[in-house]
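Work through the exercises below with the structure open. Try each task before you read its solution.

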Protein chains: 2
Amino acid sequence: MADRFVRRIPEPTVVRLPVYQRALLALSAGGVQTVSSAELAEAAGVNAAKVRKDLSHLGTYGTPGTGYDVNFLLGQVRRELGLDREWQVVIVGMGNLGHALARSQRFSTQNFRAVALFDIDPDKIGEEVAGLPIRHISELQAVVGGISRSIGVIASPASVAQDVCNRLVEAGVAAILNFAPAILTVSRPLQLRQVDFSVELQVLAFYVAHPEVTVEPEDASLSGL
Amino acid sequence: MADRFVRRIPEPTVVRLPVYQRALLALSAGGVQTVSSAELAEAAGVNAAKVRKDLSHLGTYGTPGTGYDVNFLLGQVRRELGLDREWQVVIVGMGNLGHALARSQRFSTQNFRAVALFDIDPDKIGEEVAGLPIRHISELQAVVGGISRSIGVIASPASVAQDVCNRLVEAGVAAILNFAPAILTVSRPLQLRQVDFSVELQVLAFYVAHPEVTVEPEDASLSGL
DNA sequence: CATTGTGAACGCCTTCACAGCC
DNA sequence: GGCTGTGAAGGCGTTCACAATG
């Protein structure tokens with residue numbers, strides 16, 4: 001089933017691919033040559049059937065009786081995730097979170113690169129973070145306009161998140177990752193994902209407050225995700 | 001169907017409750033007294049049927065022909081989420097992210113309170129952030145031990161996340177929110193959630209790289225979540 | 001008459017289990 | 001013998017559509 005033309009990959013699978021990728025990266029760095037679905041499952045915190053089904057969506061890359069070639073599979077997963085090209089990321093809102101994101105070391109290994117930082121506070125303009133100057137938000141259009149497939153990150157307060165979003169959409173970003181606690185509306189179809197600290201805390205609070213409905217983690221070891 | 005005894009609430013519903021809560025908070029602050037499922041749906045970026053089904057899991061709080069009383073519903077949602085008590089949060093790892101989290105203003109309105117900050121770097125110990133001193137990780141057990149139902153937040157590098165996790169578990173936290181890109185294993189059952197910046201970026205990259213399998217947002221306006 | 005609450009239908013992901021292959 | 005790939009079964013959340021209701 002290697003290449004049916006329109007390979008529809010379920011979203012839950014897409015979300016697990018980065019986790020597999022990370023696990024494979026670690027295995028590869030450790031010199032491991034082959035993994036079974038069971039081993040990869042343990043490293044990723046899921047069960048083996050799910051790993052096999054997930055990977056089968058990418059192609060037939062395993063060898064019965066042996067498992068998967070770590071480096072080959074890693075390459076396939078990275079290619080599937082689009083990590084074989086560089087992604088340029090612009091960050092809007094250089095408060096603590098913006099600083100944390102800009103300095104994040106997760107960019108380099110994953111082929112994401114912060115290329116521009118923006119804020120609206122005049123006091124911050126010009127300050128350098130991670131080797132990049134903070135620019136005024138009004139320059140966003142000019143700076144981002146030229147980039148082909150960029151990702152915009154919103155790290156601003158919720159009160160201005162929709163405005164920032166509008167500017168990013170207008171500037172032509174291909175996708176937006178929003179850290180502000182706000183529901184955003186976009187005027188053209190683009191990828192939009194939400195990361196919300198306080199939602200996660202509240203979900204945790206719910207489950208602690210309702211131990212009777214607690215969902216137990218699956219499989220070997222009580223792992224997360 | 002107000003109070004079947006073991007009200008099992010589906011996890012997707014639990015995750016949406018904080019979003020409804022935020023929308024209701026805004027409506028309440030705006031003096032709105034009543035909302036229909038359609039209005040709440042628009043504010044939360046979901047569809048009306050989902051809102052009604054979700055809320056029906058909490059109880060029969062709506063009025064046919066009218067809608068829901070904003071303040072009453074808000075109270076019920078908050079109670080359900082366990083936000084009618086204060087949750088004490090400890091943060092481990094006071095890099096940029098830890099600072100951002102500690103200073104987050106989302107704590108107060110949601111009844112979450114940062115009560116202790118930890119790091120391992122001697123240079124940081126004693127520094128004050130948001131009115132709290134940074135303590136050495138070795139004090140974790142002593143400080144957290146006394147708290148009844150606390151939430152631990154891991155904002156450390158991935159390399160030490162499992163160690164931090166072990167310490168938190170041992171100290172007796174009721175739940176853990178992990179920001180480090182690592183799959184954690186816990187030795188006793190507790191709530192564990194993962195927030196992963198780079199996973200989100202990679203998912204965005206996937207969908208931008210595969211426009212043919214793009215999942216369109218639902219409903220009115222192209223909204224997030 | 002607008003709007004809720006909810007059975008029923010639907011669709012989709014997960015899990016099972018095993019044939020097939022190395 | 002060990003392990004993959006996958007049809008089939010199962011489980012669960014979403015959506016539909018409408019009876020019930022203020």
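**Exercise 1.** Find which strand and which kind of oxygen a polar side-chain atom of Asn47(B) approaches.

*Solution.* Start at Asn47(B). One of its polar side-chain atoms lies 2.5 Å from a phosphate oxygen of DNA strand D. The model is predicted, so treat this distance as computed. Next, go to Gly65(A). A polar backbone atom of Gly65(A) is 2.8 Å from a sugar or linking oxygen of DNA strand D. Finish with Lys53(A), where a polar side-chain atom lies 3.4 Å from a base oxygen of DNA strand D. Now place these contacts among the elements. Chain A gives two or more residues to the surface near DNA strand D from each of α3, β2 (62-63) and β3 (67-69). From chain B, α1 (11-29) and α3 do so.

**Exercise 2.** Describe the surroundings of DNA strand D.

*Solution.* Count first: 25 residues surround the strand. The closest are Ser37(A), Gly62(A), Gly65(A), Tyr68(A) and Asn47(B). Then sort the residues of this surface: seven are nonpolar, 11 polar and seven charged. Last, turn to the DNA side. Of the strand D atoms within 4 Å of the protein, 67% belong to sugar or phosphate, and the rest to bases.

**Exercise 3.** Do the same for DNA strand C: which residues come nearest?

*Solution.* Again there are 25 residues around the strand. Arg16(A), Asn47(A), Ser37(B), Gly62(B) and Tyr68(B) come nearest. Sugar and phosphate make up 65% of the strand C atoms that come within 4 Å of the protein. The surface residues divide into seven nonpolar, 11 polar and seven charged.

Now take single contacts. A polar side-chain atom of Arg16(A) sits 2.9 Å from a phosphate oxygen of strand C. Arg52(B) has a polar side-chain atom 3.0 Å from a base nitrogen of strand C. For Lys53(B), the partner is a base oxygen of strand C, at 3.4 Å. The elements giving two or more residues to this surface are α1 (11-29) and α3 (48-56) of chain A, with α3 (48-56), β2 (62-63) and β3 (67-69) of chain B.

**Exercise 4.** How are chain A and chain B related?

*Solution.* Superpose chain B on chain A. This takes a rotation of 180° with 0.0 Å of shift along its axis, and the RMSD is 0.0 Å. The two copies are therefore related as by a two-fold rotation axis.

**Exercise 5.** Why can we say that the copies meet through the same surface?

*Solution.* Compare the interface residues. In chain B, 100% of them are also interface residues in chain A, so the copies meet through the same surface.

Terms used: Residues are numbered from 1 along each chain as its sequence is written. Chains are lettered from A and ligands numbered from 1 in the order in which they are written. This is a predicted model: local features need pLDDT of at least 70, side-chain atom pairs count only at pLDDT 80 or more; totals for chains, interfaces and linings use all residues. Side-chain values use heavy atoms; hydrogens and water are left out. A residue is near a molecule or strand if one of its heavy atoms lies within 4 Å of it. A polar contact is a pair of N or O atoms within 3.5 Å; within protein, one must be able to donate a hydrogen and the other to accept it, and residues adjacent in sequence count only if both atoms are side-chain atoms. Helices (H or I, at least four residues) and strands (E, at least two) are DSSP runs, numbered from the N terminus. Ala, Val, Leu, Ile, Met, Phe, Trp, Tyr, Cys and Pro count as nonpolar, Asp, Glu, Lys and Arg as charged, and the others, Gly among them, as polar. Copies are superposed by least squares on the C-alpha atoms of residues with pLDDT of at least 70 in both. Contact means heavy atoms within 4.5 Å.
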